[in-house]
Protein chains: 2
Amino acid sequence: MYVTSSPDFNDDTAVIPARKPSIARQATITIKPGKHLFLEDDPAGLIYEVASGVLRLTRIMEDGRRQVIAFGYPGDTVGFPSNGRYHTDCDALVPTTLIVHRRSDLESAKGDPELHLRLLRAALREISGMQDHFMMLGRKSSIEKLASFLLVLSARVGEPLGEYTQIALPMTRADIADFLGLTTETISRTFTQLRKSQIIAIDHVNTVVILKPVGLRAIAQGDSD
Amino acid sequence: MYVTSSPDFNDDTAVIPARKPSIARQATITIKPGKHLFLEDDPAGLIYEVASGVLRLTRIMEDGRRQVIAFGYPGDTVGFPSNGRYHTDCDALVPTTLIVHRRSDLESAKGDPELHLRLLRAALREISGMQDHFMMLGRKSSIEKLASFLLVLSARVGEPLGEYTQIALPMTRADIADFLGLTTETISRTFTQLRKSQIIAIDHVNTVVILKPVGLRAIAQGDSD
DNA sequence: CGGCATTTTGAAAAAATTCAACTCAAGTGG
DNA sequence: CCACTTGAGTTGAATTTTTTCAAAATGCCG
């Protein structure tokens, strides 16, 4: 079974047409918060493109330590296989709609060359994005990490609020901590620090407003502090 | 210019044959230690497969902080482009021979479908490998990081030495530090710690012998310590 | 042998974690 | 509608880990 938590299957076209995919309706599934799309070491038959919602990709160590590998936002593609298997767990943070592709769409240009190239590009973009994440995990301080994280989200899913930018955080502090390689306490303290220095405002626990994007950018890159 | 440090070009066949690549001699280059194969943001026209030697892939922050993204060992493929550009610097730690592929070999199956698939698989393997590295950077202690690093090298390029396994380290302590997100001092102290507990022996600064692989594995996974 | 960069070691400082308590917000059921 | 419960988030203080700064040792190369 590829879909480990049996989400609603909403397969408009059981057989994905090999041609004119932009015209044909695509196979999509919907998955509810907390439900898993796949688990580490599951055989990987499908690749998913996020249409709406947010996914969480994680890996867990034997002793329970967790690393959030990525959050999957609309436009992101998840589930790239290696040796035929997924190598992270993947679940949804909010109700999420996914466009389903077959692994063969990535691995061969036989079916739909355009789709093939699109998936390949997504994989290459993934590699590039992960390299940014490396720098963040390995070489940045807690405040630089959080500032970088907020900036990425801001650029990706920020919404204008008057003259400022608002960001919804569908993930918990623990998720952010496991993404940035920190603890929830450190995340909380760092949010407080950014709030007290008037760089951000925290409306609701899960809603951040960026008051000084320039200041945030300076922090993210380590200019002075 | 793709090859930023003008390594010896050793192009046996100037035009790479589209068919029967396994029979045709392949385009290779040789690059000397310290010389750069490419730099971040260089336009990426070529993809390289390490035939022999060791590469170092790095990214540098404005203020000089460095992250070693990966070491490229024989069998590894480097230079995957995103938006047509490289996104790390790449240089050689020892004299290194590379098989050269064109970007189009990865991006299209038109030329050589077999090569295309091989490069694609390499990209997917890359993604998988980077995810291991995430867990290491984000969630492991210094000793766990170094133990994990030595185990990976051991499996990859370890050589039997009597009943033990010997590892050559072509990189400096600073390289290892920047790979694991630590300082050279911490790397040095951690080596000493492993040496004093008889888990490893350090013949020469750049030659480690694994005396107790089981112990090393236990440390890498955080089994007590 | 001398010079230079790398590595190691030590001690102090800084950063982040751990452990513990407290606050807050969102449900639940009386 | 309100007390009660619960889980997430925040804050504080102590501890641990890692870094920083400094100095000594090592090894390599001419």
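1. Let's start at the DNA: a side-chain N or O atom of A:Thr192 sits 2.5 Å from a phosphate oxygen of DNA strand D. In chain B, a polar side-chain atom of B:Thr186 is likewise placed, 2.5 Å from a phosphate oxygen of this strand. A:Arg189 reaches a base instead, with a polar side-chain atom 2.8 Å from a base nitrogen.

2. Before reading on, note that this is a predicted model, where local features need pLDDT of at least 70 and side-chain atom pairs count only at pLDDT 80 or more, while totals for chains, interfaces and linings use all residues. Side-chain values use heavy atoms, without hydrogens and water.

3. Which residues are closest to DNA strand D? Of the 17 that surround the strand (a heavy atom within 4 Å), they are A:Arg189, A:Thr192, B:Thr186, B:Arg189 and B:His204. Of the strand's atoms within 4 Å of the protein, 65% belong to sugar or phosphate, and the rest to bases.

4. Now for the two chains: chain A and chain B each bring 46 residues to their contact (heavy atoms within 4.5 Å). On the chain A side, A:Gln131, A:Phe134 and A:Arg139 supply 20% of the area that chain A buries against chain B, more than any other three residues. Buried area is the accessible area (1.4 Å probe) that two parts lose on being put together, summed over both.

5. The interface of chains A and B holds 8 salt bridges (a side-chain nitrogen of Lys or Arg within 4 Å of a carboxyl oxygen of Asp or Glu). One of them joins A:Arg59 and B:Asp132, at 2.5 Å from N to O.

Conventions: Residues are numbered from 1 along each chain as its sequence is written. Chains are lettered from A and ligands numbered from 1 in the order in which they are written. A polar contact is a pair of N or O atoms within 3.5 Å; within protein, one must be able to donate a hydrogen and the other to accept it, and residues adjacent in sequence count only if both atoms are side-chain atoms.
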